[in-house]
Amino acid sequence: MAARKSNPFLILGGVLIAAFLALAVFGALFSPQDPNAMQAGEKLLAPSLTHLFGTDRFGRDIFSRALAGLGTTFFVAAATVAIGAVFGTLTGALTGYYGGVADAALMRLNDTLTAFPAVLLALLAISLLGPGKESSLVLALGLVFIPGYARLMRTAFASPSNRAFVLSARLMGAKGARIIFVQLLPNTLPTLLPALTIGFNNAVLAEAGMSFLGIGVTPPDASLGYMLSEAQGMLAAAPWYAACVGGVIVLLVFAVGLFGEGLQRRMHT
Amino acid sequence: MKKKILALLLVLCLGCSLLTACGGKTNNGPTGKDTPTGSDRAAANEITVGIAQDLDESLDPHKAVAAGTKEVMFNVFEGLVKPDKDGNLIPAIASEVNVAEDGGSYTFTLRDGVKFHNGEAVTMQDVLYSINRNADDSAGEPLIPALSVIADMTAEDNRLTVTLEQPDSDFLAYMTLAILPENYDKQDTAPVGTGPFRFVSRTAQDSIVLERFADYWGAPAKLDRVTYKVIENAQGLLLGLQSGALDLVSHLGSTQTSQLSEKDFRIEEGTMNLVQALYLNNAEKPFDDVRVRQALCYAVDKQAVLELAFDGYGHPLGSSMFPAFGRYFDGSLTDYYTQDTEKAKALLAEAGYPDGFDMTVTVPSNYQPHMDTAEVLSEMLGAVGIRVTILPVEWSSWLSDVYGGRKFQSTVIGVDASNLTADALLGRFYSTASNNFTNYSNAEFDALYEQAQNTFDEDAYTSLVLQMEKNLTENAANVYIQDMADLVAVRKGLAGLQFYPLYVLDAASLYWADTAVS
């Protein structure tokens, strides 16, 4: 195998993601101040050395809250993508490999789910699961993500199922499950991995959107989306609030996007 | 090359769709060029008032429960007497009120020439109908239980004599109940009263329009038309003011008013005349234990709540009574509990929660001040080990689930008084009262309350009221916080705003200074 071309996308994206992950996981340790501590005398301060991102209307340190919020957002996005990808892949694998009536039925159900606007579907799920809980948000968003993955993975599983290596595996007496997970799954990775990174970004934005609408993470918990919605009310009084939190979201999405792009290039070279 | 152009086009499309998506959002708050601005409305002698919640489904004044509904409909309805801005009761549909020397009967003389908004004259029949409708106990608890004190009503010409079972100093306050035409069955949707403004139209979730009533018996309203615009989000209200779509918004927070330019707006400060508290469901674990409730009280620093969430505005309270009630208000209760984290922890441990517990605060999300208060409280309660989850809900589900259904653990809300009787604030803590949404049940309180119902000596009654108040404080019925400051943003040029000791906005006194005849 020839030496791979250097892949700046993968490297830069990976480094940024690693940094974000470290901040999300160990953020509490770096956190210069208690993210929930309120200070009456320090409301809406502009960014300074003590408060890197300034303070919000309760005098809380925005940087510390952004770190805490990053953790929440990271967790919600990762869990959402995990739910969507696992169930989507399973559905896609079964319908794609076996085909038939089950395939038709499941895919029509899938179409029905896709027909709903995602936000509406998530709203419905959240109101059924009980609002105000992080688990509801993850489940609702996860549910919304399943159809997309299912459709994608169905195609990935269906196209090679008549190829020689599958046929020979079958001749050797391999059962469906083994063929799906051992023979086919690795072959779908070029499709799945970029979809995971894109999905992660969508989930970050979805969490931000849901919390922004007031149906996601609820106060006093911090999440990037909730903070952004709070910042909107203070655009005039504290423009740095929206800018800093929005900047973090943009950077996170950018990092994962880079990483995904890098992965894709690597697989196609 | 072609591909590049295509990509460019796609990016442009995306950009456009993003822009329109953002533009769509502003539809929440009235903006845009077509909306008339403040100066247009000054010329037309009308105003648009922003309100944070839609009115009750029924506009029938006898059935309305929400303070926000009464705030608007105060301009449409009147009783035999009505409150003025100093909290006195002044004659309205009655031109004269005579109280018998022993306080046992009241004689009301109907004012000549009072007309309903539908053009019909107010008759004795209408008055009797309106009072009887509120006193009727044939279908369970009457609309106004206190009217059971009426022994007899006799009408003679234009004089109505109401004889009471016993003298009752609160009786006159109940005669502020709206007088409605007897043979009219559309009060729910097209209310008809006798006030300075008449109801024109209502669009659910959007707006309600009132117009000056030309045949009003008293000093006519100065404005021709008042439109109330429902904007259930604080940011939308603020945008509405800034864009010129709204002229007046009450009940704003200090964070919001500080964002309005002094060139265009004047901020007036009154008090909301309500009791804002962390109301606890006393029937629900762990709040059925008085020690837990007291621990909550010790965990909270009221002054700090005011500083953090209200820039120091507001009047701290210690019980279900606010200063506008004068002699009934006991200011010493405010500092009954002072923040003491250790004591709070000790009480929690004693009650069997050494490690604290989880609790949910249900808050109507359209009221930013209550949301802010809840957020500050969660921080304070967290310091004694109580883990708070804030559950923002829509106003309508707050009304049905929390207030009506009593399905909640705790909530932050302001409770107002529908009239200036002590009963209006304290009656709801009688264990079987239909509006006892906190499920407060205390034998001593019930006994005091019953005793007060049969006490007609002014001083003795006042002393009972003070004891009831103290009972609520000692048993930590709720975590009392404050009577909120009422910050009203008024567009420059609009004058005549008056603060009442009740939760009302008197639109009749408002006028555009430039257009007013002086």
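Trainee: Into which domains is chain B divided?

Mentor: This is a predicted model. Chain B is divided into domain 1 (2-20 + 273-483), domain 2 (31-57 + 195-271 + 487-512) and domain 3 (81-174). Read the plus signs as joins between separate stretches of sequence: domain 2, for example, is written as 31-57 + 195-271 + 487-512.

Trainee: What separates the centres of domain 1 and domain 3 of chain B, and how many residues does each give to the contact?

Mentor: Taken over C-alpha atoms, the two centres are 34 Å apart. The contact takes nine residues from domain 1 of chain B and twelve residues from domain 3 of chain B. On the side of domain 1 that touches domain 3, four residues are nonpolar, three polar and two charged.

Trainee: How should I read the overall dimensions of chain B? What radius of gyration does chain B have?

Mentor: Set the value against a rule for globules. A compact globule of 518 residues would have a radius of gyration near 24 Å, and chain B has 25 Å, which agrees. Along the principal axes, the C-alpha atoms of chain B fill a box of roughly 95 × 65 × 40 Å. Of the 518 residues in chain B, 47% are buried. For contacts in chain B with a separation of 6 or more, 70% are between residues 24 or more positions apart. The chain has 15 helices and 21 strands.

Trainee: Which local backbone features of chain B are worth a check?

Mentor: Begin with omega, then look at the sign of phi. The peptide bond joining B:Lys285 and B:Pro286 is cis, with omega about -5 degrees. B:Pro286 sits in the loop between strand E13 (274-280) and helix H8 (290-299) of chain B.

Trainee: And phi: what are the values at B:Asn273 and B:Ala476?

Mentor: B:Asn273 is not a glycine, yet its phi is positive, about 60 degrees. This residue is in the loop between strand E12 (265-271) and E13 of chain B. B:Asn273 counts as buried because it has 24 C-beta neighbours inside 10 Å, where the cut-off is 20 or more. For B:Ala476, also a residue other than glycine, phi is near 45 degrees. B:Ala476 lies in the loop between helix H15 (458-474) and strand E18 (479-483) of chain B, and with 23 other C-beta atoms within 10 Å it is buried.

Trainee: Is B:Val504 buried or exposed?

Mentor: Count the neighbours: B:Val504 has 21 other C-beta atoms within 10 Å, so it is buried. Its place is in the loop between strand E20 (494-495) and strand E21 (511-512) of chain B. Leaving aside neighbours within four places in sequence, B:Val504 is in contact with B:Lys70, B:Glu71 and B:Phe74. The C-alpha atoms of B:Val504 and B:Met272 are separated by 9.1 Å, although the two residues are 232 apart along the chain.

Trainee: Turning to chain A, how many helices and strands does it have?

Mentor: Chain A has nine helices and zero strands. Its C-alpha atoms fill a box of roughly 75 × 50 × 30 Å along the principal axes. Of the 269 residues in chain A, 44% are buried. Among contacts in this chain between residues at least 6 apart in sequence, 68% join residues at least 24 apart.

Trainee: How do I read the length of a helix? What span should helix H2 of chain A have?

Mentor: Compare the distance between the end C-alpha atoms with the expected rise. Helix H2 (residues 62-98) of chain A has 37 residues and should span 54 Å at 1.5 Å a residue; its ends are 52 Å apart, which agrees. In H2(A), 28 of the 37 residues are buried, so the helix is mostly covered. A:Gly99 follows H2(A) and has a positive phi, near 65 degrees.

Trainee: Where does the kink in H5(A) lie?

Mentor: The kink, about 30 degrees, is at A:Phe145, shortly before the proline A:Pro147. Helix H5 (residues 134-158) of chain A nevertheless reaches 36 Å from its first C-alpha to its last, close to the 36 Å expected. Since 18 of its 25 residues are buried, H5(A) is largely enclosed by the rest of the structure.

Trainee: Finally, how many residues does each chain give to the contact between chains A and B?

Mentor: Interface size is often given as the accessible area lost when the parts come together. Here, count residues: the contact takes 18 residues from chain B and 15 residues from chain A. Helix H6 (234-243), helix H9 (302-310), helix H11 (368-382) and strand E16 (387-393) of chain B each supply at least two residues of the side that touches chain A. The largest share, five residues, comes from H11(B). By type, that side of chain B has seven nonpolar, eight polar and three charged residues.

Definitions and conventions:
Residues numbered from 1 in each chain as written. Chains lettered and ligands numbered in written order. Predicted model: local features only at pLDDT ≥ 70, side-chain atom pairs only at ≥ 80, totals over all residues. Contact = placed C-beta atoms within 7 Å. Helix = DSSP H or I, 4+ residues; strand = E, 2+ residues; numbered from the N terminus. Nonpolar A, V, L, I, M, F, W, Y, C, P; charged D, E, K, R; others polar. Expected span 1.5 Å × (residues − 1). Bend = angle between axes of the 7 residues up to and from the residue. Buried ≥ 20, exposed ≤ 12 C-beta atoms within 10 Å, placed from the backbone. Rg over C-alpha atoms; globule rule 2.2 N^0.38 Å. Domains from an automatic or database assignment.
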